[in-house]
Amino acid sequence: MHDDDMSYAVRAMRQSQPLVHCLTNMVAAPLSANALLAAGASPAMVDNPHEARATAAAADAVLINLGTPQEETVEAMREAVAGALDAGTPWVLDPIGAGTLPWRSEVALELLELGSPAIIRGNASEILGLAGGEGGRGVDSRHRAEDVMDEAARLATRYGTVVAVSGEVDHLTDGEEIVRLANGSPLLTQVSGAGCALGALMAACAASGAGPLAAAAAGTAMLTVAADRAAEGARGPGSFAAALLDQLALLSPETLAGEVRRS
Ligand SMILES: Nc1ncnc2c1ncn2[C@@H]1O[C@H](COP(=O)(O)OP(=O)(O)O)[C@@H](O)[C@H]1O
Ligand SMILES: Cc1ncsc1CCOP(=O)(O)O
């Protein structure tokens, strides 16, 4: 994947202001919605089974995040995935807690069997857990992205998807190529929902028509370059979180191309 593909995805996303249908968790929903708005997308948090299929079909991208699943929201997720698959809308799976929490791990695998997402996004332990290995500690990672890339590549190949593993260095793969992106601040780990917002940004970029690897890279670059800038004046996680939204809104494709660091 070329850096230009990333810039294209960001530019096209900003121009088209995609409607991103999010079925996400109660912790991360406000930050994800605000991150999408700051990035130039249009969030709709619709997670009931009555409206999920039609919303997914009308949306430009769908995000399924398993952070705080309930029976009813899981039913909505089944509907949303079906609606997205029918309409050819790209969807992103964020299997929070996979490998650690058994019910949602099964739900994640069940959703994957309905049809392939464009991107599976998770921290290293979640990706390892989804692949059948041990998970993390609650919703936090106990592994490094670089140590789970064999499992990530196997998942990517099996489901015909891109697997994006977050961490100090984010590692993204389509099963063949690995893209490593090294921006980002440790303060991101002090703001609950930062990883979830990353999945939302990837979904927005997946609507751009860029390929899924470029979309995953574009979402990662947006969040982490904005985080680098936000960390500069931050006094702690609170001012950082506010500055992160400001920097997402200010970020241009040119700045992104100039500041993204591949490793
Ligand atoms: N130690 C770190 N240093 C810099 N950035 C990090 C670090 N750990 C995670 N990040 C960034 O934080 C974001 C969320 O990743 P992560 O914390 O792994 O996800 P999750 O919140 O799902 O556990 C990613 O954009 C990643 O680049
Ligand atoms: C704390 C918590 N508990 C269930 S979901 C959630 C949010 C986790 O979000 P992230 O992993 O993106 O920080």
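The questions and replies below concern a predicted model.

Me: Why are α1 and α9 called roughly perpendicular to each other?
Reply: Helix α1 (residues 3–16) and helix α9 (residues 212–233) pack at an angle of about 75°. Angles of 65 to 115 degrees count as roughly perpendicular, and α1 and α9 are therefore described that way. Their axes are 8 Å apart.

Me: Which residues make the contact of α1 with α9?
Reply: From α1 come Asp5, Met6, Ala9 and Val10. Helix α9 supplies Ala214, Ala215, Ala217, Ala218, Ala221 and Met222. By class, nine of these residues are nonpolar, one is charged and none is polar.

Me: What makes Arg121 count as buried or exposed?
Reply: Around Arg121 there are 32 other C-beta atoms within 10 Å. A residue with 20 or more is buried, so Arg121 is classed as buried. Arg121 lies in strand β5 (residues 119–123). Leaving aside neighbours within four places in sequence, Arg121 is in contact with Val92, Asp94, Ala164, Leu198, Gly199 and Met202.

Me: How do you know whether Ser166 is buried or exposed?
Reply: The same kind of count applies: Ser166 has 27 other C-beta atoms within 10 Å. The cut-off for buried is 20 or more, and Ser166 is therefore buried. Ser166 belongs to strand β6 (residues 162–166). Not counting residues up to four places away in sequence, Ser166 touches Asn123, Ala145, Gly195 and Leu198.

Me: What does UniProt list for Arg121 and Ser166, and how are they placed in space?
Reply: An unreviewed UniProt entry lists Arg121 and Ser166 under "binding site". They are spread over 46 residues of sequence, yet they cluster in space, with a largest C-alpha distance of 7.6 Å.

Me: Which residues are the closest to ligand 1?
Reply: Asn123, Ser166, Gly184, Leu188 and Gly195 are the closest of the 18 residues that surround ligand 1. Helices α8 (194–206) and α9 are the elements that give two or more residues to this shell. The shell around ligand 1 divides into 10 polar, five nonpolar and three charged residues.

Me: How many residues of each class are in the shell around ligand 2?
Reply: That shell has six nonpolar and six polar residues, and no charged ones. The residues around ligand 2 include Asn25, Val27, Ala28, Gly67, Thr68, Ile96 and Val139. Ser192, Gly193, Ala194, Gly195 and Cys196 are also among them. Gly residues are counted as polar here, and Gly67, Gly193 and Gly195 are among the residues around ligand 2.

Key
Residues numbered from 1 in each chain as written. Chains lettered and ligands numbered in written order. Predicted model: local features only at pLDDT ≥ 70, side-chain atom pairs only at ≥ 80, totals over all residues. Axes fitted to C-alpha atoms, helices over the stretch in contact; angles between N-to-C directions. Helix = DSSP H or I, 4+ residues; strand = E, 2+ residues; numbered from the N terminus. Parallel < 35°, antiparallel > 145°, perpendicular 65-115°, else oblique. Contact = placed C-beta atoms within 7 Å. Near = placed C-beta within 6 Å. UniProt positions renumbered as here; feature names shortened; annotations may be inferred. Buried ≥ 20, exposed ≤ 12 C-beta atoms within 10 Å, placed from the backbone.
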